[in-house]
Amino acid sequence: MLLDHDEPTNYEEAMMSPDSDRWLKAMRSEIESMYVNKVWTLVDLPDDRQVIENKWIFERKTDANSSVTI
């Protein structure tokens, strides 16, 4: 099920959409940005801790005229 702007609600929908190449490129860019900016450090998870889950949010960027920007 896609939202108003044909935005996927999860990864599977993004990869099945006609814009899957663009969504994948955007995700790779975001991950690269987080790596370059040292957003996280990978460590072994202590036994008394739980993993923090995450979720991709797919949202098209629009200009002042509500046109989708690339």
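Me: Buried means under 20% relative accessible area, exposed means over 50%, and partly exposed is whatever falls in between. This is a predicted model, so let's start with threonine 62: does it count as buried, exposed or partly exposed?

Reply: Threonine 62 sits in the segment after H2. Its relative accessibility is 41%. That value falls between the 20% and 50% cut-offs, so threonine 62 counts as partly exposed.

Me: And how far apart in space are threonine 62 and arginine 28, C-alpha to C-alpha?

Reply: Arginine 28 is one of the exposed residues of H2, while threonine 62 lies in the segment after that helix. In sequence, threonine 62 and arginine 28 are 34 residues apart. In space, C-alpha to C-alpha, the gap is 20 Å.

Me: OK, on to H2 itself. How far apart are its end C-alpha atoms?

Reply: H2 covers residues 20–36. Its 17 residues, at 1.5 Å a residue, should span 24 Å. The model agrees with that expectation, because the end C-alpha atoms of H2 are separated by 24 Å.

Me: Which residues are buried in H2?

Reply: Look at the other side of the helix to begin with: Asp21, Arg22, Lys25, Arg28 and Val36 are exposed there. The buried set in H2 is Ser20, Trp23 and Met27. They cover an arc of only 65 degrees around the axis, which puts them on the same side of H2. So the names you want are Ser20, Trp23 and Met27.

Me: Aspartate 21 is in H2 too. What separation do the C-alpha atoms of aspartate 21 and isoleucine 52 have?

Reply: Aspartate 21 has 65% relative accessibility, so it counts as exposed. Isoleucine 52 helps line the second largest pocket. Along the chain the two are 31 residues apart, and their C-alpha atoms are separated by 27 Å.

Me: Now the aromatics. What geometry does the pair of tryptophan 23 and phenylalanine 58 have?

Reply: The count comes to 1 aromatic pair. Its ring centres, in tryptophan 23 and phenylalanine 58, are 5.3 Å apart, with the planes at 80 degrees. Planes over 60 degrees apart get that label, so this pair is edge-to-face.

Me: How many residues apart in sequence are the parts that the pair ties together?

Reply: Both partners are buried: tryptophan 23 has a relative accessible area of 9%, and phenylalanine 58 is at 7% relative accessibility. Tryptophan 23 belongs to helix H2, whereas phenylalanine 58 belongs to the segment after H2. The pair therefore links parts whose sequence separation is 35 residues.

Me: Which residues lie nearest the centre of the largest pocket?

Reply: That pocket holds about 540 Å³ of space. Its lining divides into 8 nonpolar, 1 polar and 7 charged residues. There are 16 lining residues, and the ones nearest the centre are Arg22, Trp23, Ala26, Glu59 and Lys61.

Me: How much space lies in the second largest pocket?

Reply: Its lining is made of Glu30, Ile31, Met34, Trp40, Ile52, Asn54, Lys55 and Trp56. By class, that gives 5 nonpolar, 1 polar and 2 charged residues. As for the space inside, the second largest pocket has about 260 Å³.

Me: What value is phi of lysine 38 near?

Reply: Lysine 38 is in the segment after H2, and at 71% relative accessibility it counts as exposed. Most residues other than glycine have a negative phi. Lysine 38 has a positive one, near 50 degrees.

Me: How far apart in space are proline 8 and glutamate 59, C-alpha to C-alpha?

Reply: Proline 8 lies in the segment before H1, and it counts as buried at 2% relative accessibility. Glutamate 59 is among the residues nearest the centre of the largest pocket. Proline 8 and glutamate 59 are 51 residues apart in sequence, yet their C-alpha distance is 7.9 Å.

Me: Last one: what separates the C-alpha atoms of aspartate 19 and serine 33?

Reply: Aspartate 19 is placed in the loop between helix H1 (11–16) and H2. At 23% relative accessibility, it counts as partly exposed. Aspartate 19 and serine 33 are 14 residues apart along the chain, and the C-alpha separation is 21 Å.

Note on methods: Residues numbered from 1 in each chain as written. Predicted model: local features only at pLDDT ≥ 70, side-chain atom pairs only at ≥ 80, totals over all residues. Heavy atoms only, no water. Phe/Tyr/Trp six-rings, centres within 6.5 Å; stacked < 30°, edge-to-face > 60°. Helix = DSSP H or I, 4+ residues; strand = E, 2+ residues; numbered from the N terminus. Buried < 20%, exposed > 50% of the residue type's maximum accessible area, 1.4 Å probe, protein only. 1 Å grid on protein atoms, 1.4 Å probe; cavity = no way out; pocket = protein on both sides within 12 Å on 5 of 7 lines; lining within 4 Å. Points joined across faces, edges and corners; volume = space filled by probe spheres on them. Nonpolar A, V, L, I, M, F, W, Y, C, P; charged D, E, K, R; others polar. Expected span 1.5 Å × (residues − 1). Arc of directions from axis to C-beta.
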